[in-house]
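Please open the model in your viewer and keep the sequence panel beside it, since the tour moves from one selection to the next. Each stop says what to select and then what is found there.

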Amino acid sequence: MLFDKEKLLKVYANLPLNLRGEIILVLPEKGPITWNVAYVEVENETLLGVEILKKLIELNII
């Protein structure tokens, strides 16, 4: 998971500031997830962060 976290952080760091508020994922029970939400959840290593990472990899976004 550490490698996946690094991939997300690298992508996030290279995003223009105005795109960080864009929705990148919609989770059935959680709702829309923006780049900002993904960053915070993954950085804090929450269960939601793990779920977000799995989905982003599954969808080839990161």
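How are α2 and α3 oriented to each other? Select both helices in this predicted model, taking residues 35–43 for α2 and residues 47–58 for α3. Their axes lie 7 Å apart and the helices pack at an angle of about 120 degrees, and α2 and α3 are therefore oblique to each other. If you turn the view to look through one helix onto the other, the crossing of α2 and α3 is the left-handed kind.

Keep that pair on screen and show the side chains where the two helices touch. On the α2 side, select Ala38, Glu41 and Val42, which meet Leu48, Gly49, Ile52 and Leu53 of α3. Sorted by class, this contact of α2 with α3 is made up of five nonpolar residues, one polar residue and one charged residue.

Next, move to the loop that lies between α2 and α3, and select Glu45 there. The backbone deserves a look at this position, for the phi angle of Glu45 is near 55 degrees, which is a positive value in a residue other than glycine. Is Glu45 buried or exposed? Its relative accessible area is 53%, and because a residue counts as exposed over 50%, Glu45 is exposed. With Glu45 still selected, add Lys5: these two residues are 40 positions apart along the chain, while their C-alpha atoms are separated by 9.0 Å.

A second residue with a backbone angle of this kind can be found by following the chain past α3, where Asn60 sits in the segment after that helix. Asn60 is a residue other than glycine with a positive phi, here near 60 degrees, and its relative accessibility of 66% places Asn60 among the exposed residues.

Now select helix α1, residues 2–13, which contains Lys10, and go through three of its positions in turn. Glu6, which lies in α1, counts as partly exposed at 45% relative accessibility. If you draw a distance from Glu6 to Thr34, 28 residues away along the chain, the C-alpha atoms turn out to be separated by 18 Å. Lys7, also placed in α1, has a relative accessibility of 27% and counts as partly exposed. From Lys7, draw the distance to Glu41, one of the α2 residues already shown at the contact with α3; Lys7 and Glu41 are 34 residues apart in sequence and 14 Å apart from C-alpha to C-alpha. Lys10, in turn, counts as exposed, with a relative accessibility of 60%, and its C-alpha is 15 Å from that of Val37, a residue 27 positions away in sequence.

Finally, clear the selections and colour the whole chain by secondary structure. Three helices and two strands should appear, and read from the N terminus on, the elements follow the order α-β-β-α-α. The C-alpha trace spans about 30 × 25 × 20 Å along its principal axes. How does the radius of gyration of the protein compare with that of a compact globule? For 62 residues a compact globule would have a value near 11 Å, and the 10 Å of the protein agrees with this.

Two figures for the whole chain may be kept in mind while you rotate the model. Of the 62 residues, 34% count as buried. Among the contacts with a separation of 6 or more, 48% are accounted for by residues 24 or more positions apart.

Key: Residues are numbered from 1 along each chain as its sequence is written. This is a predicted model: local features need pLDDT of at least 70, side-chain atom pairs count only at pLDDT 80 or more; totals for chains, interfaces and linings use all residues. Side-chain values use heavy atoms; hydrogens and water are left out. Axes are lines fitted to C-alpha atoms, for helices over the stretch in contact, and angles run from 0 to 180 degrees between N-to-C directions. Helices (H or I, at least four residues) and strands (E, at least two) are DSSP runs, numbered from the N terminus. Angles under 35 degrees count as roughly parallel, over 145 as roughly antiparallel, 65 to 115 as roughly perpendicular and the rest as oblique. A crossing is left-handed if the near helix is turned anticlockwise from the far one by less than a right angle, and right-handed if clockwise. Contact means heavy atoms within 4.5 Å. Ala, Val, Leu, Ile, Met, Phe, Trp, Tyr, Cys and Pro count as nonpolar, Asp, Glu, Lys and Arg as charged, and the others, Gly among them, as polar. Buried means under 20% relative accessible area, exposed over 50%, partly exposed in between (1.4 Å probe, protein chains only). The radius of gyration is taken over C-alpha atoms; the globule rule is 2.2 Å times the number of residues to the power 0.38.
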